[in-house]
Amino acid sequence: MDRTDRDLLAELERGLPVTREPFAGIGSRLGIPESEVLERLQRLMSEGVIRRFRARIDQRKVGILANALVAWHVPRDRTKDAGARLARCPGVTHCYERRPVPGRWDYTHYTVHHARSRQDVTAEVKRCAEMSGLYEYTIIFSTEELKRVPAVRVGENGGELQ
């Protein structure tokens with residue numbers, strides 16, 4: 001990757017402009033033709049630097065007002081398949097496992113859920129419990145959104161190109 005690739009990634013992090021030719025606009029800001037922008041994007045995708053393009057929706061504007069992290073207590077003999085079972089639940093956007101803090105926080109698996117209301121999230125989690133056969137959990141609802149950006153951003157985490 002060179003400086004132009006990094007600058008291109010930083011431009012993409014700001015979002016594609018809603019114009020007829022968004023890549024031409026990005027190219028203009030970078031001082032390269034649209035065709036080079038597209039060639040670089042193809043290369044970065046084939047190299048796995050860019051995994052996908054997606055739209056980021058402002059969920060509150062479309063009525064998704066309830067967000068929750070669900071902490072699941074999974075018996076030791078069930079940990080091997082628990083993550084896969086939880087990840088298959090409809091509505092789960094993230095699913096991961098963490099080491100517990102014995103005696104203080106015995107939850108090992110976590111899922112994230114979004115819905116129009118807390119009641120909808122709660123119903124979804126109950127369905128997930130039925131599907132997974134895991135019934136010990138706690139739902140932690142978000143009360144305020146503080147920041148919504150990807151964890152790794154070229155402008156913040158990428159450092160200087162050597």
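**Salt bridges and an aromatic pair**

Nine salt bridges turn up in this structure, which is a predicted model. The general idea is simple enough: side chains carrying opposite charges can pair once their charged atoms come close.

A good place to start is the salt bridge between Arg40 and Asp2, with N and O 3.0 Å apart. This one connects distant parts of the chain, since Arg40 belongs to helix α3 (residues 34-46) while Asp2 sits in the segment before α1 (3-13), and 38 residues separate the two. The partners differ in how much of them shows: Arg40 is buried, at a relative accessible area of 13%, whereas Asp2 is partly exposed, at 33%. Arg40 counts as buried because its 13% falls under the 20% cut-off.

Asp2 has another contact to its name. At the start of α1, one of its side-chain oxygens comes to within 3.1 Å of the backbone nitrogen of Thr4.

Moving on to Glu47 and Arg43, their side chains also form a salt bridge, this time with 3.5 Å from N to O. Both ends are partly exposed: Glu47 has a relative accessibility of 48%, and Arg43 has 29%. Through shared partners, salt bridges tie Asp2, Asp5, Glu36, Arg40, Arg43 and Glu47 together into one network.

Back at α1, the buried residues are Asp5, Leu8, Leu9, Ala10, Glu11 and Leu12. Asp5, then, is both a buried residue of α1 and a member of the salt-bridge network. Glu11, with 12% relative accessibility, pairs up with Arg14 in a salt bridge whose closest N and O atoms are 3.1 Å apart. Arg14 itself is exposed, with a relative accessible area of 61%; that value puts Arg14 in the exposed class because it is over 50%. After α1 comes Gly15, which has a positive phi near 100°.

Charged groups are not the whole story. Searching the whole structure gives three aromatic pairs. One of them brings together Trp72 and Tyr137 in a tilted arrangement, with the centres 4.9 Å apart and the planes at 45° to each other. Trp72 is in strand β1 (residues 66-72) and Tyr137 is in strand β4 (residues 137-141), so this pair ties together parts that lie 65 residues apart in sequence. Trp72 is buried, at 0% relative accessibility, while Tyr137 is partly exposed, at 24%.

Technical notes: Residues are numbered from 1 along each chain as its sequence is written. This is a predicted model: local features need pLDDT of at least 70, side-chain atom pairs count only at pLDDT 80 or more; totals for chains, interfaces and linings use all residues. Side-chain values use heavy atoms; hydrogens and water are left out. A salt bridge is a side-chain nitrogen of Lys or Arg within 4 Å of a carboxyl oxygen of Asp or Glu. Helices (H or I, at least four residues) and strands (E, at least two) are DSSP runs, numbered from the N terminus. Buried means under 20% relative accessible area, exposed over 50%, partly exposed in between (1.4 Å probe, protein chains only). A polar contact is a pair of N or O atoms within 3.5 Å; within protein, one must be able to donate a hydrogen and the other to accept it, and residues adjacent in sequence count only if both atoms are side-chain atoms. Rings of Phe, Tyr and Trp (its six-membered ring) pair if their centres lie within 6.5 Å; planes under 30 degrees apart count as stacked, over 60 as edge-to-face and the rest as tilted.
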